[in-house]
Amino acid sequence: MVPKKHAEEHFLNTHAPVTCSLCSETMEREILPIHKGENCPQRIVTCEFCEFPLPVIDLAEHQEVCGNRTELCHLCNRYVRLRERYNHESRCNGIPEDHVGSSRNVRPVEREQGARRRQPPEYSRKRLLFTVAIAGIAVLLGSLFFQKTMETGPVV
C-alpha cells in the first residue's frame, strides 16, 4: 500500500517505463537492473578462450572462431584446439606423438623446450572504462571541431 500523496512518486520510481541504455528495450524501472545484468543481449561478457570483452549477442559467433584456434601442448607436442584444451589436458599422457601430423610444423626448439602458452590479455574494468572514456572524448572533440568548421564555412 502506498499513500495517495506518494502514488505518483512511487509509480515514477518503480513502475514507470524506462529504456535500456544498451539495447533500447522498454521495461519497468524495477526490472532494469536484472535485465542489464542477465538478459540484455548487448551486455558485455568475456570470451572463455581469449577473455576478450564483447556483447553477449556476438559471443557464440566469436567463440566458434576463437575456440578453433590451436595451441601446442607442451607435454605431447600436438596442436590442440582451444575448445578441446581442457579435455586434452585431463587425458594427455605426456608421451610425444611425433608420428601425428599437424596443421603447422613444430620447430625443433619447441619440441625440446615445450611450447610456451600465450597468456590471454588481461582486460581490467578500469582499462576498459579508460578506453571508452578516451574514445568518447575523441568523438566529442571531433564533433565540436566539425561543428565549428560547419559554422565558419568550409576550410580551404
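Helices (H or I, at least four residues) and strands (E, at least two) are taken here as DSSP runs, numbered from the N terminus. On that basis the protein chain has six helices and six strands, and along the sequence these elements follow the pattern α-β-β-α-β-β-α-β-β-α-α-α. The model is a predicted one, in which local features need pLDDT of at least 70 and side-chain atom pairs count only at pLDDT 80 or more, whereas totals for chains, interfaces and linings use all residues. Residues are numbered from 1 along each chain as its sequence is written, and side-chain values use heavy atoms, with hydrogens and water left out.

For the chain as a whole, the accessible surface comes to about 12,400 Å², with 57% of it belonging to carbon and sulfur atoms; such areas come from the Shrake-Rupley method with a 1.4 Å probe, and for residues only the protein chains shown count as cover. Of the 156 residues in the protein chain, 23% are buried, where buried means under 20% relative accessible area, exposed means over 50%, and partly exposed lies in between (1.4 Å probe, protein chains only). Among the contacts (heavy atoms within 4.5 Å) with a separation of 6 or more, 20% are accounted for by residues 24 or more positions apart.

The cysteines deserve a separate look. A disulfide is a pair of cysteine sulfur atoms within 2.5 Å, and a search of the whole structure finds zero of them. For Cys23, the closest cysteine sulfur is that of Cys40, and because the two sulfurs are 3.7 Å apart, they are too far from each other for a bond. Cys47 is likewise in no disulfide, its nearest cysteine sulfur being that of Cys50, 3.7 Å away. As for their surroundings, Cys23 is partly exposed, with a relative accessible area of 23%, while Cys47 is buried, at 1%.

From Cys23 one can move to Lys36, which is 13 residues away in sequence and 9.2 Å away in space, C-alpha to C-alpha. Lys36 is found in helix 2, which covers residues 32-39, and it counts as partly exposed at 32% relative accessibility. Leaving aside residues up to four places away in sequence, Lys36 touches Cys20, Ser21, Leu22 and Arg43.

Further along the chain, an unreviewed UniProt entry carries the annotation "transmembrane region" for residues 128-146; UniProt positions are given in the numbering used here, feature names are shortened, and annotations may be inferred rather than shown by experiment. In the model, the span of residues 128-146 is 100% helix and 0% strand, and its end C-alpha atoms lie 27 Å apart.
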